[in-house]
Amino acid sequence: MQQTLRRLDGVANVKVDLLDGKVTITPKPEGGFDPASVLKLTYDSGVSVVEMSLTASGHIVKDPVSGLAFEITPKVNYPIVAGVFADKIQAAAASGATVRMRGIIYTKPPGKIKKSKEAPRLKFEVQEVM
């Protein structure tokens with residue numbers, strides 16, 4: 001699995017910790033990394049992802065569907081799930097400042113997942129604003 005993940009576009013390094021059941025992916029500085037491709041690749045290989053978290057720097061922008069989104073690059077953004085950090089997020093959106101946040105972008109839904117050719121639309125559930 002480590003070799004396969006390392007071949008994805010935008011991936012600089014992959015560390016697999018079998019004892020903790022965690023995989024840490026370090027993206028290349030120039031970007032291009034797509035977490036949805038990790039979910040699809042692991043699912044297609046028969047491995048189940050329970051949760052995927054992300055720590056990144058970016059901007060808070062308006063999203064036509066969800067209201068606000070965390071934009072990491074112009075091509076990579078995640079709708080923000082409303083939560084306890086709403087005040088900080090609103091202030092960051094108003095200021096246009098770069099923010100660093102940690103959050104969950106995927107949690108496995110209960111029950112059996114139907115196989116899909118499309119990557120899931122990931123949402124950003126803020127866990128920490130740094």
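**Salt bridges, strand pairing and the largest pocket**

Asp44 is partly exposed, with a relative accessible area of 41%. In this predicted model, the residue takes part in a salt bridge with Lys40, in which the closest N and O atoms are 3.0 Å apart. Both Asp44 and Lys40 belong to helix 2, where 4 residues, or about one turn of the helix, separate them. Lys40 is likewise classed as partly exposed, at 29% relative accessibility. Because the class of partly exposed residues lies between the cut-offs of 20% and 50%, the 41% of Asp44 and the 29% of Lys40 both fall within it.

Helix 2 also contains Thr42. This residue has a relative accessibility of 6% and therefore counts as buried, the limit for that class being under 20%. The side chain of Thr42 comes to 2.9 Å from the backbone oxygen of Val38.

The whole structure holds 2 salt bridges. Besides the pair formed by Asp44 and Lys40, the side chains of Glu128 and Arg102 meet in a salt bridge, with an N to O distance of 3.2 Å. Glu128 is part of strand 7 and Arg102 is part of strand 6, so this contact ties together parts of the chain that are 26 residues apart in sequence. Glu128 is partly exposed, its relative accessible area being 33%. For Arg102 a relative accessibility of 33% is found, and this residue too counts as partly exposed.

Attention now turns to the pairing of strands. Strand 3 pairs with strand 4 in the antiparallel sense, over 5 bridges. The two strands form a hairpin, with 3 residues between them. Within this pairing, Val61 has Ala69 of strand 4 as its bridge partner.

Strand 4, which spans residues 67–73, is in turn paired with strand 5, residues 76–81, in the antiparallel sense over 4 bridges. A hairpin makes the connection from strand 4 to strand 5 through 2 residues. Thr73 stands opposite Val76 of strand 5, and Phe70 has Tyr78 in strand 5 as its bridge partner. Strand 4 thus has antiparallel pairings with both strand 3 and strand 5.

Strand 5 is further joined to strand 7, residues 124–129, by 2 bridges, and these two strands run parallel. Here the bridge partner of Val81 is Glu125 in strand 7. Strand 7 is also the element that carries Glu128, the residue linked by a salt bridge to Arg102 of strand 6.

Empty space in the model was examined as well. Rolling a probe the size of a water molecule over the atoms reveals where such space remains. The largest pocket encloses about 1,200 Å³. Its lining comprises 39 residues, of which Val23, Thr24, Ile25, Met52 and Ser53 are the closest to the centre. At least two lining residues come from each of strand 1 (11–17), strand 2 (22–27), helix 2 (35–44), strand 3 (51–63), strand 4, strand 5 and strand 6 (99–107). Among these contributors are helix 2, which holds the salt bridge between Asp44 and Lys40, and strands 3, 4 and 5, which take part in the hairpins described above. Sorted by class, the lining of the largest pocket has 21 nonpolar residues, together with 10 polar and 8 charged ones.

Key: Residues are numbered from 1 along each chain as its sequence is written. This is a predicted model: local features need pLDDT of at least 70, side-chain atom pairs count only at pLDDT 80 or more; totals for chains, interfaces and linings use all residues. Side-chain values use heavy atoms; hydrogens and water are left out. Two strands pair if DSSP finds at least two bridges between them. On a 1 Å grid over the protein atoms alone, a cavity is a set of points where a 1.4 Å probe fits but cannot get out, and a pocket is an open set with protein on both sides within 12 Å along at least five of seven lines; lining residues have an atom within 4 Å of a point. Grid points are joined across faces, edges and corners, and a volume is the space filled by probe spheres set on the points. Ala, Val, Leu, Ile, Met, Phe, Trp, Tyr, Cys and Pro count as nonpolar, Asp, Glu, Lys and Arg as charged, and the others, Gly among them, as polar. A salt bridge is a side-chain nitrogen of Lys or Arg within 4 Å of a carboxyl oxygen of Asp or Glu. Buried means under 20% relative accessible area, exposed over 50%, partly exposed in between (1.4 Å probe, protein chains only). A polar contact is a pair of N or O atoms within 3.5 Å; within protein, one must be able to donate a hydrogen and the other to accept it, and residues adjacent in sequence count only if both atoms are side-chain atoms.
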